[in-house]
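The exercises below ask you to read packing and contacts from a single protein model. Please work through each task with the sequence and the structure in view before turning to its solution.

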Amino acid sequence: DPFGIKLVKVNNEKPTVGSEAAAKALLFDLEGCSLRVSDVRVRETTRRPLPPFITSTLQQSASSVCGFSPNRTMSLAQKLYEGVDLGSGGPVGLITYMRTDSVNIARDAQTSARAFIGDTYGSAYCPETPNFYKSRASAQEAHEAIRPTEVSRTPESMRGVLDAPSLRLYELIWKRFVASQMTSARIAQKTRDLMLASACAA
């Protein structure tokens, strides 16, 4: 089932499935049974956006999303940090320093991000007060999280400027930073209780 079904009770008692054989026997007993929905409950939850990247979380996300090794991630990030030629005379750094354990964000960068979010996505996506994140006690507070140097440099605007791997990493960093300054996600969780509707087929 794409939504997942959890067995809660069998004959009004909490089921005890202590082995694979017991689980298979229970499934066999339920084969051919019709189910009906006995109750539907909807609960809205919120999920706060994740903080912008630090070195370790960037490496983890780049590995899972892009398939990059930590070394390759840092090599690509180094190039984004050192800068690329945007045709304005000399290289321009696209991200802040990529070796950091701080989730701090410079106030002007936060202000720019909030303005960008409001203009691009609408005021509903911009929280009334800025999102702040707490770094670990060991983090160097003078450092910043990894973020784009200019939020207006969207990944789309960098297409054709950056090579494919660099663009993928830049897009990951840019999206995480912008999302970190957005309102919390509102998620409607729907739970359906199912009961046997008829006798099981022989």
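**Exercise 1: Leu162 and the nonpolar core**

Leaving out residues up to four places away in sequence, Leu162 touches Leu80, Val84, Leu94, Leu167 and Tyr170. Task: find which residues of the largest nonpolar core touch the most other members, and which helices supply at least two residues of this core.

Solution. Begin with the kind of model at hand, which is a predicted one. The largest nonpolar core has 32 residues, and the members that touch the most others are Ile95, Leu162, Leu169 and Tyr170. Next, assign the core to helices: α2, α3 (70-82), α4 (107-121) and α5 (164-180) each contribute at least two residues. Among these contributions that of α5, with eight residues, is the most.

**Exercise 2: the overall layout**

Task: state how many helices and strands the protein has, and in what order the elements follow one another from the N terminus.

Solution. Counting the elements gives five helices and four strands, and reading from the N terminus their order is α-β-α-α-β-β-α-α-β. For burial, take the 202 residues of the protein, of which 31% are buried. For contacts, consider those between residues at least 6 apart in sequence, where 78% join residues at least 24 apart.

**Exercise 3: three helix pairs**

Task: for α2 with α3, α2 with α5 and α3 with α5, work out from the crossing angle how the helices are oriented, and name the residues that meet.

Solution. Take α2 and α3 first, whose axes come within 9 Å and cross at roughly 115°. Because of this angle, α2 counts as roughly perpendicular to α3, a class that covers 65 to 115 degrees. The crossing in which α2 passes α3 is right-handed, and the residues that meet are Thr55, Leu58, Gln59 and Ala62 in α2 with Pro70, Thr73 and Met74 in α3.

Turn next to α2 and α5, which pack at an angle of about 120° with their axes 11 Å apart; these two helices are therefore oblique to each other. Their crossing is right-handed. On the α2 side the residues are Thr57, Leu58, Ser61, Ala62, Val65 and Cys66, and they meet Arg168, Leu169, Leu172, Ile173 and Arg176 in α5.

Finish with α3 and α5, where the axes come within 10 Å and cross at roughly 85°, so that α3 and α5 are roughly perpendicular to each other. Here Arg72, Thr73, Leu76, Ala77 and Leu80 of α3 make the contact with Pro165, Ser166, Leu169 and Tyr170 of α5.

**Exercise 4: Thr55 in α2**

Task: decide whether Thr55 is buried or exposed, and find which backbone oxygen its side chain reaches.

Solution. Locate Thr55 in helix α2, which spans residues 55-66. Its relative accessibility is 14%, so Thr55 counts as buried, the limit for burial being under 20%. The side chain of Thr55 then proves to reach the backbone oxygen of Met98 at 2.8 Å. Apart from residues up to four places away in sequence, Thr55 is in touch with Met74, Met98, Arg99, Thr100 and Ile146.

**Exercise 5: the loop between α4 and α5**

Task: place Arg147, Val151 and Thr154 in the chain, and describe the surroundings of each residue.

Solution. Start with Arg147, which lies in the loop between α4 and α5 and, at 8% relative accessibility, counts as buried. A polar contact of 2.6 Å links the side chain of Arg147 to that of Glu144. Beyond four places in sequence, Arg147 touches Leu94, Ile95, Thr96, Ile105, Ala106, Ala109, Ile173 and Phe177.

Val151 is found in the loop between α4 and α5, and with a relative accessible area of 7% Val151 is buried. From C-alpha to C-alpha, Val151 and Val178 are 7.7 Å apart, although 27 residues separate them in sequence. Residues up to four places away aside, Val151 touches Ser112, Ala113, Phe116, Trp174, Phe177 and Val178.

Thr154 likewise sits in the loop between α4 and α5. Its contacts, leaving aside neighbours within four places in sequence, are with Phe116, Tyr170 and Trp174. For Thr154 and Tyr170, which are 16 residues apart along the chain, the C-alpha atoms are separated by 9.1 Å.

Terms used. Residues numbered from 1 in each chain as written. Predicted model: local features only at pLDDT ≥ 70, side-chain atom pairs only at ≥ 80, totals over all residues. Heavy atoms only, no water. Buried < 20%, exposed > 50% of the residue type's maximum accessible area, 1.4 Å probe, protein only. Polar contact = N/O pair within 3.5 Å; in protein donor to acceptor, adjacent residues only side chain to side chain. Contact = heavy atoms within 4.5 Å. Core = buried A, V, L, I, M, F, W, Y, C linked by side-chain atoms within 4.5 Å. Axes fitted to C-alpha atoms, helices over the stretch in contact; angles between N-to-C directions. Parallel < 35°, antiparallel > 145°, perpendicular 65-115°, else oblique. Left-handed = near helix turned anticlockwise from the far one by under 90°.
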